Every structure is written in C-alpha cells, then in structure tokens.
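I opened this notebook to record what I looked up in the structure, entry by entry. Confidence comes before contacts, and contacts before single residues.

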Amino acid sequence: MMNSKISRKPAPDATRRKNGLTTALTYLLLSFWAVVVLFPFYWMVLTSLKSYGAYNAEHTPVFFTLSPTLENYQNAFTAVSLGGYLLNTLIFAVLTTAAMVVVSTLAAYAFARLRFRGKNLVFGLFLSMMMIPTELVVITNFVTITNMDLRNSFPGLILPSITSVFYIYLLKENFEQVPDELYRAAKVDGTSDLKYLWKVMIPICRPTLVTITILKLIECWNAYVWPRLITDAPAYFLVSNGIQEIRENGFGRENIPAMMATVVVISIPLILLFLAFRKKIMEGVSRGGTKG
Amino acid sequence: MDRNSRKAWLYLLPSLILLGAFLIYPLIDVLIYSVEECYNFASQTYQGIGLYNYAYVLHDPYFLQALQNTFVLVIITVPTSTVLALVISTALSSIRPLRQLFQTIYFLPYVTNTLAVGLVFMVLFQRTEYTDGLVNLMLEWFGAGPIDFINGPHWAKMFVLCFYTVWVVLPFKILVLTSALASVNEDYYKAARVDGTSRARIFFRITLPMIAPMLVYLVITGFIGAFKAYSDAVALFGTDLNAAGMNTIVGYVYDMLYGDSGGYPSYASAAAILLFVIVLTITCVNLLVTRRRVRA
Amino acid sequence: MNIKLQNLTKRFPARGKKAQGEVTAVQDLSFEVPDGMLVGLLGPSGCGKSTTLNMICGLETPTEGKIFFGEEDVTALPPEKRGVGMVFQNYALYPHLTVLQNILFPLENLKGAERPSRKEMRRRALETAHLVQIDELLERRPRELSGGQQQRVAIARALVKTPRVLLLDEPLSNLDARLRLQTREEICKIQKKTGITMLFVTHDQEEAMSISDWIVVLNNGVLMQQGRPQTVYDDPANLFVAKFLGTPPINVFEGEVRGGMLLLDGQAVLPAIGAPDGPVFAGVRPEGFIPAVDGPVACGLNRIEVLGRDTSIVCTHPACEADTLRAIIQAEQAVVPADGTVRFSLRPEKVFLFDRENGARIATGDAPATGD
C-alpha cells in the first residue's frame with residue numbers, strides 16, 4: 001500500500017534522549033526565572049539580618065550571614081514610625097474595602113435583580129466609566145479634597161478610593177447567575193429585598209465577594225499615588241509613602257539593613273495573605289485584574 | 001416613579017454619588033482646567049481661555065524628557081515582557097511536577113508593594129562609596145566594569161527601570177497566558193500528534209493562533225500600563241525624578257500638581273489629557289492592526 | 001490491513017490525592033480486526049474502549065501486550081509512524097484554519113522524500129474533499145459549518161494521508177438524530193469506497209449494530225464478545241452482552257432448571273436440554289413472546305402501547321427481575337384479555353440461560369452457546 005514509504009524505526013532511543021534533554025532545559029529555564037523572582041526577596045531578608053556595621057564593611061557583597069541580628073527590626077519600629085504607617089495602612093485598607101464591598105453589593109444587586117426605568121442606560125454608563133484613567137481624574141480630586149479641607153485625614157484618603165466599577169460589574173455578573181426562582185419564592189414568602197440580598201444572594205455569591213475583598217485589600221496596601229498627593233503629615237502616611245520617606249530621610253544615615261527590615265515587615269502581610277488565598281487571588285486576577 | 005424604581009435608585013445612590021463626585025465631575029473639570037490660562041491655585045482665578053497650557057507643556061523640556069523616557073520604556077518592556085511571558089508559560093504548561101510551585105513563585109511580585117521591592121532593586125543595582133553592589137559583582141565575573149545603575153549614565157538607569165518593570169508586570173502576563181494555554185482543547189494536540197506535527201509547528205500553527213486573542217489583550221493592556229509607569233521609577237530613583245532625568249508622563253503630571261515644583265493644575269491637566277490622547281491613539285492603532293492580522 | 005491486539009493491558013496511576021495504586025482500564029484484551037472491515041468497539045462509558053482506541057492510535061502506550069498492523073509490530077511506534085487517521089469526538093478542527101487548510105495540515109507535516117509537492121498536496125486534498133463531498137466548503141472556517149459538515153471535514157483530514165487504518169471516536173455522538181442516520185450511511189459509503197479498515201468506538205449499541213461489519217463488546221476493560229452484529233445479538237455469550245444489545249432490552253427472569261425443563265415461577269415453560277439443574281437467569285427477547293391462550297407464561301397486563309406495525313405489551317410477572325417486562329408482538333395478534341392476564345408461550349431461539357453466579361451463558365441443546 002501507499003504506506004510503504006513511511007519509514008518506521010523501532011522505539012527510537014534518540015527521540016527519547018532528545019525529549020529528556022528538552023525537559024531538562026525546560027526545568028532549567030523555569031528554575032532560572034524562579035531564582036530571578038525570588039532573589040530580591042532573599043536579598044532583602046538576608047540584608048535585614050545583617051548588622052549595620054557588618055553590612056557596610058562588606059566591600060564585596062556576601063551571600064549569607066553567620067551572625068544574624070534582629071536589631072534592624074527593632075530599629076524599624078523605634079527610629080522611624082513604621083508601626084504608625086502599618087496601622088494607618090491597616091485602617092485605610094479595611095475601611096476602604098468594607099465601604100467598597102457595601103457600595104458595590106448594593107449597586108450590583110440593583111443592576112442584577114431590581115427592575116427600573118433607564119437600567120440599561122445607567123449600566124452602559126457604568127461600563128464606559130471603566131475606561132476613564134485615574135490619571136485624568138486625580139487632578140480635580142486633589143483640588144476637591146484640598147478645598148474640602150480633608151487633606152491629611154482618613155476621609156480624604158478613603159472617599160475617592162472606594163468605588164470600583166469593575167468590581168460592581170463582576171458582582172453583577174455573579175448575582176445574575178442566581179436563579180430567578182429563588183427570588184420569586186422569597187417574594188411569595190414576603191421576604192424584603194434587603195433580607196433576600198443578605199440571606200440568599202450574599203451567601204451564594206460569597207466566593208466572588210471574598211475574591212474582590214482580597215484584591216481590594218492588596219490594592220489598598222500598595223496604594224501610593226493618591227496617598228502621596230493627599231498626605232504630607234507623616235502621621236497619616238501609608239506604608240508606600242512611609243517607605244519613600246524612610247528612604248529619603250529615615251534613620252539619619254544610609255542604613256540599608258534597617259531599610260530592608262522595614263521592607264520585609266511591609267511585604268510580609270501581603271505574602272501571607274497571598275499564600276492563604278492563593279487560588280482565589282490568582283483566579284480573580286486572571287478574570288480581569290490588572291496591576292496599577 | 002413607582003416604588004420599585006425608587007428602591008433601585010436608592011440601592012444605586014451611594015455608588016452614583018461617589019462616582020459622580022470623584023470620576024465624572026473630575027473628568028469634565030480636567031478639560032476645563034486644561035484650557036484655563038494662568039490659573040492661580042491660591043485665588044482660584046484665571047485670565048483667559050485657550051490652548052496656552054498645551055503649548056507650554058509641549059515646550060517644557062521636562063515634559064519632552066518624560067515623553068521620551070515613557071516611549072523608550074513602552075517600546076522595550078511591552079515586547080520583552082510579552083515574549084518572556086509566552087516562553088515561560090509555554091514551558092510551564094509542558095511540565096507536570098513542580099508546576100504549582102513555579103506558578104506560585106512567579107506570581108509573588110504581583111502581591112508585593114512596588115515601592116518597597118523597588119528599594120531592594122535599588123540596593124542590588126546601586127554603586128556607593130562603600131560597595132559596588134551585587135549586580136556589579138556579577139558583571140565583574142564576566143569582566144565588565146562597574147556601572148552605577150542608579151545615579152550613573154542614562155542608559156543604565158533606563159535598563160534598571162525596564163528590568164524592574166518587566167519583573168513587576170510578568171506575573172499577570174504569565175498567569176493570563178498559562179490559563180489561556182490550559183484552555184486549548186487537548187484534542188487539537190492529539191490530532192496534531194497523530195499527524196506527526198513537529199513541536200515547533202504545533203506551537204506556531206496551532207497554539208499561537210488559538211491564544212492570539214489573549215495575546216492581543218495582553219499587548220493592549222501592556223501598552224496602557226507601560227504608558228502610565230510612575231511608581232516603579234519613584235521606587236528606584238526617588239521622588240525627584242526630573243533631577244534624575246528619569247521622569248515619566250504620569251510623574252510629570254503629579255510633579256506639576258504637587259511637590260516642590262507643583263501648584264499648576266492647569267499644566268497638569270493639559271499633560272494628563274495629552275497622555276490620554278496618546279494612549280487612546282495607540283490602543284486604536286493596536287486594535288486596527290491586530291484585527292486585520294488575526295483575521296487574515 | 002488487519003489489526004491484531006495481543007493480550008493488551010493498560011493500567012493508569014490512580015487519580016486524586018488519596019488514591020493509591022493503579023486503575024486497570026484495559027485487561028488482557030485480544031482481538032483481531034479483519035482487513036477492510038468496519039468494526040464497532042462497543043461498551044458502556046468507562047469500559048476502556050477509548051483507551052483501546054488511543055493505544056491502537058499510538059497516543060497511549062500499552063502497559064503490557066502487543067499491537068500488530070498486518071505482520072508488523074507497531075506497539076512502540078509513535079502515532080505518525082503507524083499510518084493511522086483519527087477522527088476525534090469533537091472533531092478537533094483547527095478553528096483558525098479554513099477547511100482546505102485543515103485538510104492540508106497533515107500533508108504539510110511530512111518531511112523529506114515523503115513530502116509531496118505543493119501541487120500534489122492540493123490535488124490530494126481536493127480529491128479527499130470530493131470523496132466526502134465537501135467540495136463547496138473548502139474556503140469556509142469550521143465554525144461556519146454544521147455538525148455533519150464538520151464531521152466530514154474531520155474524516156477528510158484523517159483520510160488525506162491515505163492511512164492504513166481509520167479510527168473514529170464516538171463519530172455520531174455530537175450530531176442530532178436526523179443527521180445521525182445520514183452520517184451513518186455516509187461513513188458506511190466512504191468505507192466501501194475506500195476499502196480501508198475502519199474502527200470506531202461507541203456506547204450506542206444501535207449505532208454499532210446498524211453500520212458495523214463486526215462488533216467487539218467490552219465491559220470494565222475486558223472483552224465480552226465479538227462477532228458479526230446479528231450473531232452477537234442472536235447468540236450472546238453472557239448476561240452482560242444480552243442486556244447491552246437490543247432495544248427494547250431483553251427481559252430477565254429468575255428461573256430454575258429442573259430435569260431438563262426451564263421453570264419460571266414454578267411453571268415449566270421450555271425444555272432446556274443439557275442444562276444442569278439449578279437456579280438460572282433466563283433472558284427473553286421482547287420478540288420472543290407469542291400470545292397463546294394456553295401459554296405457560298401468565299403475566300398481569302399493565303398497558304398496551306400501539307406502535308403501528310408492532311404492538312408492545314407491558315406487563316408484570318412474578319419471576320421477572322425488573323418491575324415490568326415488555327413483549328413485542330405483531331399488531332394483529334394483540335387481544336385485550338378480559339381478566340387482565342395475558343398468556344404467552346416462548347420462542348426457544350429467543351430465550352437464553354445464564355449462570356446465576358457469573359452471568360455466563362449456559363449451553364442448551366437447541367441453541368449453541370458459542371461459536372459463530
């Protein structure tokens with residue numbers, strides 16, 4: 001038959017060896033990038049454990065330390081007000097996220113479940129707002145907050161950071177998947193909308209709510225631009241501004257190990273949050289998050 | 001208005017107020033600012049209406065420097081990060097053991113504070129009187145001379161900025177591409193294997209076209225994101241970016257608004273609108289090109 | 001080209017976190033597919049038929065055993081060296097390529113001396129497209145085609161390399177009822193035209209019976225029976241095969257053999273020559289019932305379903321394994337009894353006896369239990 005042409009060699013060892021080589025190269029590449037990603041983390045932890053004197057005595061950087069010290073961490077909390085920055089950020093992140101969840105849930109519920117005139121128009125308007133870049137509106141917001149005398153205050157920090165059209169959209173899509181019958185059944189039983197939202201919708205859609213909560217917390221923890229514009233009193237600095245302040249004026253001298261200690265302290269909460277909710281975060285981000 | 005409608009508007013009220021005050025009003029306002037000439041922030045008065053603010057910004061050497069820096073950053077980081085992400089996620093999809101571990105590691109930069117980790121990069125690349133820094137130590141192994149990446153020549157600073165930007169944006173891209181690759185039906189690969197398709201051909205003729213929509217999405221969001229670069233630069237070079245010659249367009253906007261050289265919301269508005277126009281144009285061009293390419 | 005499977009076994013490592021050990025998908029399977037036949041590999045889902053197909057194709061390597069194409073041992077060959085074509089259940093047509101590009105794809109993979117010229121490739125692609133009658137669709141994309149058309153494109157893509165064997169995975173499962181009939185004939189026609197050995201996998205016994213020259217019945221990775229469809233239907237090797245083939249399904253009774261007679265509910269109904277005494281399962285095909293006023297099988301009438309040509313009588317019997325049994329008789333024989341009891345006698349060739357323990361067929365004098 002026509003197949004006589006197709007060459008058939010028995011179990012080719014060469015192919016197997018080639019496959020093995022490809023796999024080895026793949027792992028090598030992946031490990032290399034893993035090192036590139038992890039190395040800065042290693043370096044910051046390492047440096048934070050070196051004493052100031054030891055670090056500055058190293059003309060050639062050393063990849064390990066034999067006399068780790070926690071003195072830098074102590075320094076980070078005493079010499080600069082890292083504790084204050086952490087507390088500020090925690091307050092800011094929790095309040096903003098809580099307000100965001102409440103506001104977004106209400107709006108998403110209205111779009112997903114309630115019937116009212118002009119719904120499609122308003123929703124279209126909401127969607128188009130996703131395209132407005134922050135850079136454009138930040139200028140006026142800065143003027144608005146300044147005129148309201150809210151600079152260096154939590155309301156000034158929080159109010160413009162609450163709404164996120166994207167999260168409203170995400171929640172609305174999720175709410176719409178809850179079958180209509182549940183709503184009708186609840187209505188027949190005389191359940192109010194608010195109670196239905198609280199007792200039925202929120203429990204069913206909890207996974208999505210958790211996801212947006214975590215994503216918003218991360219966003220708040222890393223916020224830099226708005227806090228920088230709106231706070232100039234260190235008492236209201238968030239961690240991002242705090243680290244910038246420490247870098248430029250902190251510790252009196254170029255105390256790199258102490259700086260690294262603050263960086264470690266700032267990074268740990270988020271890394272713990274990430275490791276705890278790894279699946280949720282990665283799933284949420286791949287569904288449409290972007291950085292910045 | 002009936003009872004139901006009233007209730008719905010009540011539910012929408014908080015978000016409408018917030019969006020109106022902090023998103024819609026500012027959008028209109030920024031256009032007004034940008035045409036009000038000689039606006040005085042203290043007395044909140046202006047002298048006329050016109051395009052002077054735009055002309056000023058376009059002639060400002062700091063803006064031109066920022067524009068140039070931003071374009072260089074975009075042109076280098078967008079293709080580099082996309083290709084790198086494609087290579088890494090393809091490699092990631094071809095293995096099974098340790099895949100989860102690698103995925104978790106690669107995602108780490110996404111959940112770190114840009115400012116904080118930027119400081120680590122600064123330390124790694126910096127050259128001070130005491131030490132040449134770690135990166136220079138490695139360069140020395142290859143016989144290259146010490147370079148100060150943080151306070152030295154412009155190209156070296158640009159390199160660090162690009163490197164850090166790629167490091168920061170890769171997690172998102174790898175994640176998106178890995179899930180795009182995973183969503184390609186296994187049967188296509190089986191069919192290709194039955195036909196004896198080579199690895200390279202499978203990648204270029206099957207995999208790539210299948211994930212093309214996701215690649216387009218990544219390139220477009222990549223462009224938009226890179227044009228808005230700012231905090232990465234601050235993390236590496238400090239808040240006075242003009243002095244370092246490393247300012248970006250967004251940085252210019254904020255500097256005009258606030259800080260040592262601030263107090264000019266009109267110039268800031270004009271620059272912000274210019275940025276918006278640039279991003280919008282590039283996005284449209286991107287969409288047109290890719291649509292034609294993906295269809296053909 | 002005939003295909004021979006010799007003691008084929010496939011074990012997978014068990015899935016899931018806590019799972020240990022291995023799962024056996026195919027167990028010591030041997031059968032032979034004669035050259036130029038259309039063979040149906042039949043079994044319920046999870047019976048190992050897809051794994052078998054993948055091993056023949058080369059996508060999976062058997063744990064034990066050998067596969068021969070003709071005289072050649074192909075067990076260790078990769079798929080592209082075997083000369084097989086495969087049509088996937090969801091067709092796996094590349095969505096971004098046109099129909100013609102899809103059909104050309106396998107040819108473009110060939111290298112060196114095997115690679116035909118561009119012109120030759122095109123000629124062969126057009127020829128194959130003509131064979132499956134998709135000449136007008138060549139410039140379309142897969143999503144612009146109906147399910148039946150996609151199916152034909154997939155077959156063309158598999159045939160263009162002129163493979164020795166064509167494998168089809170559930171070829172009809174993604175089509176609606178009307179298209180199934182049409183495509184069934186289409187596949188049959190293509191097979192007759194090309195004379196190629198075709199092996200397809202299905203869980204639908206009707207589909208397998210209607211187009212195959214030969215069927216192979218699998219259950220839990222073990223070969224149950226093989227043969228011509230009519231033979232397997234008329235002479236099932238065990239209870240599983242008897243139950244699996246035929247619509248409506250066979251009626252199973254818990255009976256007993258005593259002194260060369262089959263007893264149902266204590267009533268002697270048929271001679272069972274040669275069968276040892278003891279409890280048995282008796283399978284009676286729906287068409288095995290003959291209404292008879294003095295018949296030995298007395299059933300309580302449930303309802304009568306008029307199907308036009310035939311009449312289906314649904315009734316109850318104390319020895320029946322299921323709640324109801326179904327008899328199909330000719331319409332003119334149907335009579336409504338006054339007392340709600342219908343009586344049947346049985347056609348001996350439609351009654352099979354099986355071992356109560358292992359379901360194996362028990363040979364009786366009037367129907368050979370084995371053989372073709």
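**Confidence**

I began with chain C of this predicted model, where the mean pLDDT is 87 and 96% of the residues reach 70 or more. Within chain C, I found the lowest confidence in helix α6 (residues 177-194), at a mean of 84, and the highest in helix α9 (residues 239-244), at 93.

I then looked for the weak stretch. Over residues 367-372 of chain C the pLDDT stays under 50, and the model has eight contacts beyond four places in sequence for them. Where pLDDT is low, predicted coordinates should not be read in detail. I therefore leave the geometry of such a stretch uninterpreted.

For chain B I noted an average pLDDT of 87, with 95% of the residues scoring at least 70. Strand β2 (residues 48-49) of chain B has the lowest confidence there, at a mean of 75, and helix α3 (residues 61-93) of chain B has the highest, at 95. For the model I recorded an ipTM of 0.87 and a pTM of 0.82.

**Chain A against chain B**

How many residues of chain A are in contact with chain B? I recorded 72 residues of chain A in contact with 74 residues of chain B. On the chain A side, the elements giving two or more residues are α1 (13-49), α4 (82-112), α6 (134-147), α11 (206-221), α12 (225-230), α13 (239-249), α14 (256-276) and α15 (278-286). Of the elements on this side, α1(A) gives the most, with twelve residues. By class I entered 47 nonpolar, 16 polar and nine charged residues for the side of chain A that touches chain B.

**Nonpolar cores**

I next looked up the largest nonpolar core, which has 156 residues. The members that touch the most other members are A:V263, B:L119, B:L236, B:V253 and B:A271. I followed A:V263 further: setting aside residues up to four places away in sequence, A:V263 touches A:M44 and A:I243 as well as B:A116, B:L119 and B:V120. There is also a second, separate core of 104 residues, and C:L29, C:C47, C:I155 and C:A272 are among its members.

**Chain C against chain B**

Here I recorded 14 residues from chain C and 13 residues from chain B. On the chain C side, α2 (79-82), β6 (84-87) and α3 (99-108) each supply at least two residues. I entered the classes for this side of chain C as ten nonpolar, three polar and one charged.

I stayed with α3(C) and asked which of its residues are buried. They are C:V99, C:N102, C:I103, C:F105, C:P106 and C:L107. The cover over these buried residues includes α4 (118-131) and α5 (147-159) of chain C.

**Two domains in chain C**

The domain assignment divides chain C into domain 1 (3-239) and domain 2 (240-362). I noted 38 Å between their C-alpha centres. In the contact between them, 13 residues of domain 1 of chain C meet 15 residues of domain 2 of chain C. From domain 1, α7 (205-211), β9 (214-219), β10 (222-227) and α8 (229-234) of chain C each supply at least two residues to the side that touches domain 2. On that side α7(C) gives the most, with three residues. The classes on the domain 1 side are eight nonpolar, four polar and one charged.

**The six-stranded sheet**

I traced an open sheet of six strands in chain C, in the order β13-β12-β11-β14-β20-β21, with antiparallel pairing. The edge strands of chain C are β13 (267-271) and β21 (361-362), each of which pairs on one side only. I examined one pair within chain C: strand β11 (residues 251-258) and strand β12 (residues 261-264) run antiparallel and are joined by four bridges. C:R258 stands opposite C:M261 in β12(C).

**C:E287**

My last entry concerns C:E287, in the loop between β14 (278-284) and β15 (289-291) of chain C. Why does C:E287 count as partly exposed? I found 15 C-beta neighbours inside 10 Å, and a residue is buried at 20 or more and exposed at 12 or fewer, so C:E287 falls in between. Apart from neighbours within four places in sequence, C:E287 is in contact with C:I328 and C:K350. I also recorded 9.5 Å between the C-alpha atoms of C:E287 and C:S312, which are 25 residues apart along the chain.

Notes. Residues are numbered from 1 along each chain as its sequence is written. Chains are lettered from A and ligands numbered from 1 in the order in which they are written. This is a predicted model: local features need pLDDT of at least 70, side-chain atom pairs count only at pLDDT 80 or more; totals for chains, interfaces and linings use all residues. Two strands pair if DSSP finds at least two bridges between them. pLDDT is the predictor's confidence in each residue, from 0 to 100. Two residues are in contact if their C-beta atoms, placed from the backbone, lie within 7 Å. Ala, Val, Leu, Ile, Met, Phe, Trp, Tyr, Cys and Pro count as nonpolar, Asp, Glu, Lys and Arg as charged, and the others, Gly among them, as polar. A nonpolar core is a set of buried Ala, Val, Leu, Ile, Met, Phe, Trp, Tyr and Cys residues joined through C-beta atoms within 7 Å. Domain bounds come from an automatic or database domain assignment.
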